[in-house]
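Welcome! Here are some short exercises to work through with the model in view. Try each task before you read its solution.

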Amino acid sequence: MNTPFSPTPAESDRSCPDAPPGNGRSGDASSPLSILLIDDNPRIAESLAIAIDLAGHRLDVAQGPEDGFSLLAARRYDAILLDLNYAAGRTDGAEGLAMLDRLLADDPGACIIVITAHSGIRLAVTAMQAGARDFVMKPWRNAELIAKIELAARRRAAPRDHAVTEGTAEPARLLGDSPAIARVRDLIRRVGPTMAGVVVTGPSGAGRGLIAAALHAASHAAGRPMQRIDVRDPLAWTRLDGAERGTSWLLRHPDKLDDVTQARLLDRLRPEDRYITIADDPRAITPALARRIAAVEIAAPSLAERQDDVPLLARHFARIAAERHGLPAPRFTPAAEALLATAHWPDEARGLAAAIERALLLGEQGVIEAALLAPPVAPNAAPALSRASFDLDESERVMIEAALVEHHHNVTQAAQALGLSRGALYRRMARHGL
Ligand SMILES: Nc1ncnc2c1ncn2[C@@H]1O[C@H](COP(=O)(O)OP(=O)(O)OP(=O)(O)O)[C@@H](O)[C@H]1O
């Protein structure tokens with residue numbers, strides 16, 4: 001007999017002897033599964049961790065949707081166990097169902113098993129109709145749950161199901177809840193599965209490559225890797241002919257070619273292949289080539305257009321950097337959080353990721369301080385663009401404010417943290433009216 005799930009660790013131990021033969025692995029399950037639990041109840045996580053470990057699988061735990069998306073952006077899971085309610089007192093499952101929708105839009109083949117309360121049969125049915133593979137009700141029997149996970153994860157192997165981009169290092173998941181990023185997701189959902197040529201524009205570092213990868217992941221060719229070519233490199237062109245028919249291509253910068261070379265490129269493109277393009281200036285693509293490779297434009301929004309997403313992206317980049325460097329779980333000081341909410345990042349998401357990684361490496365024990373988040377502004381920095389000049393000025397003000405708060409308005413310490421002399425800091429404070 002199996003033991004129903006109990007939220008107390010002591011009771012959960014009792015479920016171990018009840019695990020099915022083979023530690024809960026079904027007979028033909030060959031390799032350990034990686035499983036993600038998205039649930040804000042730590043006791044559920046503790047109990048499940050024991051059962052899953054005994055069954056020979058691996059469990060990661062996310063305490064809510066944001067954590068969940070962050071983990072899913074960094075690695076692939078064979079199965080996702082998704083709780084449907086997060087906010088206190090909510091039982092309508094709306095949050096979980098919205099998350100289910102987004103998970104499946106990013107990866108239609110995702111193997112998701114939803115967790116509902118005992119009385120949640122109606123919710124479970126809705127989730128199944130929306131694409132969940134299965135459901136479990138609390139309290140559950142561990143052995144039954146593990147059998148469900150193994151069965152559902154094995155079913156994932158069907159070819160069309162596999163919509164993640166094999167052959168790429170990371171899954172292509174766009175994080176963020178801003179309307180700007182929601183629009184991009186919606187476009188990916190619509191044009192990803194078609195053969196339409198899509199040109200991805202927007203500032204460098206804003207996630208153009210990620211959007212291209214997400215388009216490929218949503219396409220019918222997702223099971224095969226996308227081939228990447230910078231068309232400014234003539235040597236790379238030879239690869240265009242050698243590849244299998246029906247290949248997906250990521251072409252970088254055809255807008256940088258002159259008209260004659262663009263015409264030559266058009267001659268080399270094959271009708272049965274899919275082309276996704278990254279360009280700085282889509283207007284520089286000739287109409288003939290644009291017709292083939294740029295039927296639809298998707299503009300990667302700058303961080304300034306999705307400022308609300310910055311803290312969430314920052315936490316994601318911090319988590320990845322901490323994992324990569326074996327550092328403790330990262331934590332932002334309140335001043336660093338305040339800076340993130342207002343600062344401008346001239347190098348977009350890539351610049352933000354670099355700043356977070358540097359702050360984490362230079363900080364103590366995973367603590368990210370405001371003063372470490374950006375290098376001190378060079379005294380005579382002469383920015384190339386007037387917009388950049390505005391950004392830099394605003395960032396400087398925010399950083400100084402944050403350093404002062406962090407060091408309790410001790411100007412000597414704040415100046416040290418910013419890499420400035422006391423005099424230089426006083427001058428800048430006066431300039432910013434601080
Ligand atoms: N919405 C997002 N969610 C998660 N990660 C993001 C998001 N936007 C950008 N990033 C991350 O920011 C970094 C920069 O993005 P990416 O490499 O796609 O930039 P890019 O615009 O293609 O740059 P370039 O064209 O100059 O190479 C990457 O690590 C990417 O994963």
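**Exercise 1. Find where the ligand lies and which residues surround it.**

Step 1: Domain 2 (179-299) and domain 3 (303-431) both contribute residues to the shell around the ligand, so the ligand lies between them. These bounds come from an automatic or database domain assignment.

Before going on, note that this is a predicted model, in which local features need pLDDT of at least 70 and side-chain atom pairs count only at pLDDT 80 or more, while totals for chains, interfaces and linings use all residues. Residues are numbered from 1 along each chain as its sequence is written.

Step 2: Of the 18 residues around the ligand, Ser204, Gly207, Arg208, Gly209 and Ala349 come nearest (near: C-beta atom, placed from the backbone, within 6 Å).

Step 3: Two elements, α8 (208-217) and α14, give two or more residues to this shell (helices are DSSP runs of H or I, at least four residues, numbered from the N terminus).

**Exercise 2. Describe how helix α12 meets helix α14.**

Step 1: The axes of α12 (residues 310-325) and α14 (residues 348-362) come within 9 Å and cross at roughly 50 degrees (axes are lines fitted to C-alpha atoms over the stretch in contact, with angles from 0 to 180 degrees between N-to-C directions).

Step 2: That makes α12 oblique to α14, because angles under 35 degrees count as roughly parallel, over 145 as roughly antiparallel, 65 to 115 as roughly perpendicular and the rest as oblique.

Step 3: Among the contact residues are Phe317 of α12 and Ile356 of α14 (contact: C-beta atoms, placed from the backbone, within 7 Å).

Technical notes: Two residues are in contact if their C-beta atoms, placed from the backbone, lie within 7 Å.
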